[in-house]
Amino acid sequence: MLKCLNIVLLICLSVAAYHYHRETVQLESVLVAAENDKAEMRLEMEKVRDESNLLRLVVMANLSKIADPIPNKLLTVTAYSSVELREFPEQQLLTASLSKPKEGAIAVSRDLFNQGWVFGKKVYIKNHGIFTITDLMGNSKTKHVDIYMNDQDRALQFGKKQIEVVLLDV
């Protein structure tokens, strides 16, 4: 009888040890996945930090031009978006510079374009940041900059403003 009881106890301990081992393996795999996620987040954070430092360097390199009121122009600044991208996602919309419209890009009026505000040049819009010229506006607009935004509601909310704008030598 004692031998039977020992066997039952041994089986119970074996089952408990098996379940404990299985749970430990599962927890270790969850821990490994969390460590991988943490490493990916660190890489993403470093990328954002690098982009932020690059932007700071560009601004610092052009600070004299940004701070100097002489090259600044007071321009009409509006925002636009591509409704067609949502309605016809298969359609490839292109800007006048033959690039896809994206955040951080602007269109300039043709009078500014003729003054050297050409595709690829960087522009600082006071209190809004640095943008790249990728598109042209229609002939009816003058002294005008149009910021591209992915979100149509945000573009409409931006409205029409008179803002100091600087063409950067980058």
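Start by selecting Leu75 in this predicted model. Look across to strand 6, where the bridge partner of Leu75 is Ile163. Now slide along to Lys73, and you'll find Val165 of strand 6 standing opposite. Show the backbone of both strands: strand 1 and strand 6 run antiparallel, with 5 bridges joining them.

Next, pick Thr76 and look toward strand 5. There, His144 is the bridge partner of Thr76. Strand 1 and strand 5 are also joined by 5 bridges, but this pair runs parallel. How well covered is strand 1? Mostly covered: 6 of its 8 residues are buried.

Time to zoom out. Colour the strands and follow them round in the order 1-5-2-4-3-6: the 6 strands make a closed barrel with mixed pairing. From one strand to the next, the twist averages 45°.

Now for the inside story. Select Val77, Ile106, Val108, Trp117, Ile125, Val145 and Ile147 and show their side chains. Of the 19 residues in the largest nonpolar core, these touch the most other members. Who else chips in? Strand 1 (73-80), strand 2 (105-108), strand 3 (122-125), strand 4 (129-136), strand 5 (144-148), helix 5 and strand 6 each give this core at least two residues. Apart from this core there is another one, of 5 residues, including Val58, Tyr124, Ile130 and Val166.

Go back to Val77 and leave out residues up to four places away in sequence. Which residues does Val77 touch? Ile125, Val145 and Ile147 are among them, and so are Ile163 and Val165. The list also takes in Phe158, Gly159, Lys160 and Lys161.

Lys160 makes a good last stop. Select it and you're in the loop between helix 5 (152-158) and strand 6 (161-167). Is Lys160 buried or exposed? Lys160 counts as exposed because its relative accessible area is 65%, and the cut-off for exposed is over 50%.

Setting aside neighbours within four places in sequence, Lys160 is in contact with Thr76, Val77 and Thr78. To finish, draw a distance between the C-alpha atoms of Lys160 and Thr78: they are 82 residues apart along the chain, yet the separation is 4.8 Å. That brings you back to Thr76, whose bridge partner in strand 5 was His144, and to Val77, one of the core residues that touch the most other members.

Conventions:
Residues numbered from 1 in each chain as written. Predicted model: local features only at pLDDT ≥ 70, side-chain atom pairs only at ≥ 80, totals over all residues. Heavy atoms only, no water. Helix = DSSP H or I, 4+ residues; strand = E, 2+ residues; numbered from the N terminus. Buried < 20%, exposed > 50% of the residue type's maximum accessible area, 1.4 Å probe, protein only. Contact = heavy atoms within 4.5 Å. Core = buried A, V, L, I, M, F, W, Y, C linked by side-chain atoms within 4.5 Å. Pairing = 2+ DSSP bridges. Axes fitted to C-alpha atoms, helices over the stretch in contact; angles between N-to-C directions.
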